[in-house]
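Got your viewer open? Let's walk through this one selection at a time.

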Amino acid sequence: MSASGSSINTAHVTQSSPAIENAIDRSAPNFTAAAEKDETTYFDTNPKPAELEEFSRIAEEFVNLHCSHQRRVVLVTSGGTTVPLENQTVRFIDNFSAGTRGATSAEYFLEAGYAVIFLHRQFSLLPYSRHYSHSTNCFLDFLAEAPTDGSRHTIVAREEYTAKMISVLRKYKHAKREKLLLLLPFTTITSYLFLLRELAMKMRPLGGKALFYLAAAVSDFFVPRERMAEHKIQSGEFAEKDGEMEFINPAGPGSGKKLIIDLDPVPKFLKRLVESWAPEGMIVSFKLETDPKLLIKKCTMALKRYSHHLVIGNLLQHRKYEVVFVDQESTSWLRLPQNAEEETNGGKLPGKQNLEIEALIVPEVVRRHGAMIWHVVAATRSS
Ligand code: PAZ
């Protein structure tokens, strides 16, 4: 949906689709999957997020409710994690992701009858509100003053947006009323990992009905606690003189000063998810690449290394039109119809028919999840 005809002309440019020549090269080194000792070290040496206990309690209630309804539950992760450079954080390294994949997929999972735990980067796109938030549209463009008898003022949705808005509103209200959607935010890589582990463990009672759909863009490197600066990193040095702090040695061109950031690899916990945290659930993870020659190779490697059931690969520039499903048996592409890319001008404009690749991805994941549940039931019966 576009708010064309609005009085403020905002160019439909999104920095979530950077030009290919500016895209980051993600041919990063390959790390081995984390073992139990890496897990212990990581979670013992990094501070748990303040909200962990509260989120854990809320998630437990959510899972119990849906367990009692025999409902399938999906944990959708969405958005990018940050790597703080200072303990009292002013600067941080961010990971690319607007949250479109996660927020859009969550809506399709709800439509398919799942309850959804939406573990998302704070302030990234959310299911339902994504249609009216962030840079895509200003929500005020959807509104108009309605004619009244003059004594009071009323605001309504503009005629041309009403049909879609009613449909989105109904779905949103339904999800809220039936307690089908749980929104839990994270910001840093550490809070993401703590929450992922906690939620996976809370989802254990669901057995095979638990699905993990890991679309978040998770940092590969971080600054370990013991090397993190407490205060804002300064561009020069300070020295105390006559009881006052004096700025000496400022950084500047020619000063030879550099900020060198020394990052450690984040332990690859995705295998722990399968082996220890949620051994019965179905695990689907995403792999983002920029080099087409590497995509399938990296998906296959991730599939083997982390023992996931399915890895969905996507290229930065084409992620809105095509993805590749890689599992133990096969590699298959899912693509939107040919003209979709043209129609949406490379993803920068909303398409005329609002084509969303998640409308193809999610039903296929749901089908595979159903097949996995069925196999487990069949195997239990025959044993
Ligand atoms: O959130 P978004 O729609 O802008 O981007 C989605 C995505 C490309 C981050 C996601 O599809 C993905 O590939 N996630 C995994 C990223 C990774 O390899 O770490």
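Start at the ligand, and keep in mind that this is a predicted model. Strand 13 contributes the most to the shell around the ligand, with 3 residues. Select strand 13 (282–289) together with helix 3 (100–111): each of them supplies at least two residues of that shell. Now show the whole shell, where 14 residues surround the ligand. The closest ones to label are Ser97, Thr100, Arg101, Phe286 and Leu288. Colour the shell by residue type and you get 6 nonpolar, 5 polar and 3 charged residues.

Next, zoom out to the whole chain. In cartoon view there are 9 helices and 16 strands. Of the 383 residues, 33% count as buried. If you like contact maps, look away from the diagonal: among contacts between residues at least 6 apart in sequence, 72% join residues at least 24 apart.

Now for the largest nonpolar core, a set of 79 residues. Pick out Val116, Ile117, Phe212 and Tyr213, the members that touch the most others in this core. Then select helix 5 (residues 189–202), which gives the most to this core, with 8 residues. As background, nonpolar side chains in soluble globular proteins tend to be buried together.

Stay on Tyr213 for a moment. What is tyrosine 213 in contact with, leaving aside its neighbours within four places in sequence? Show Val74, Leu75, Val76, Ser105, Val284 and Val365, and you have its contacts.

One of those contacts of tyrosine 213, Val365, takes us to helix 9, where Val365 is a buried residue. The other buried residues of helix 9 to select are Glu358, Ile361, Val362 and His369. What do the buried residues of helix 9 pack against? Turn on helix 3, strand 8 (210–214), strand 13, strand 14 (310–315), strand 15 (322–326) and strand 16 (331–335). While you're here, try a distance check on helix 9 (residues 358–382): at 1.5 Å a residue, its 25 residues should span 36 Å, and the end C-alpha atoms are 36 Å apart, so the two agree.

Last stop: the annotations. An unreviewed UniProt entry gives residues 72–123 as "domain: DNA/pantothenate metabolism flavoprotein C-terminal". In the model, that span is 23% helix and 33% strand, and its end C-alpha atoms lie 27 Å apart. Then select residues 180–200, listed by UniProt as "transmembrane region", also in an unreviewed entry. The end C-alpha atoms of residues 180–200 lie 18 Å apart, and the span is 57% helix and 29% strand.

Terms used:
Residues numbered from 1 in each chain as written. Predicted model: local features only at pLDDT ≥ 70, side-chain atom pairs only at ≥ 80, totals over all residues. UniProt positions renumbered as here; feature names shortened; annotations may be inferred. Helix = DSSP H or I, 4+ residues; strand = E, 2+ residues; numbered from the N terminus. Near = placed C-beta within 6 Å. Nonpolar A, V, L, I, M, F, W, Y, C, P; charged D, E, K, R; others polar. Expected span 1.5 Å × (residues − 1). Buried ≥ 20, exposed ≤ 12 C-beta atoms within 10 Å, placed from the backbone. Contact = placed C-beta atoms within 7 Å. Core = buried A, V, L, I, M, F, W, Y, C linked by C-beta atoms within 7 Å.
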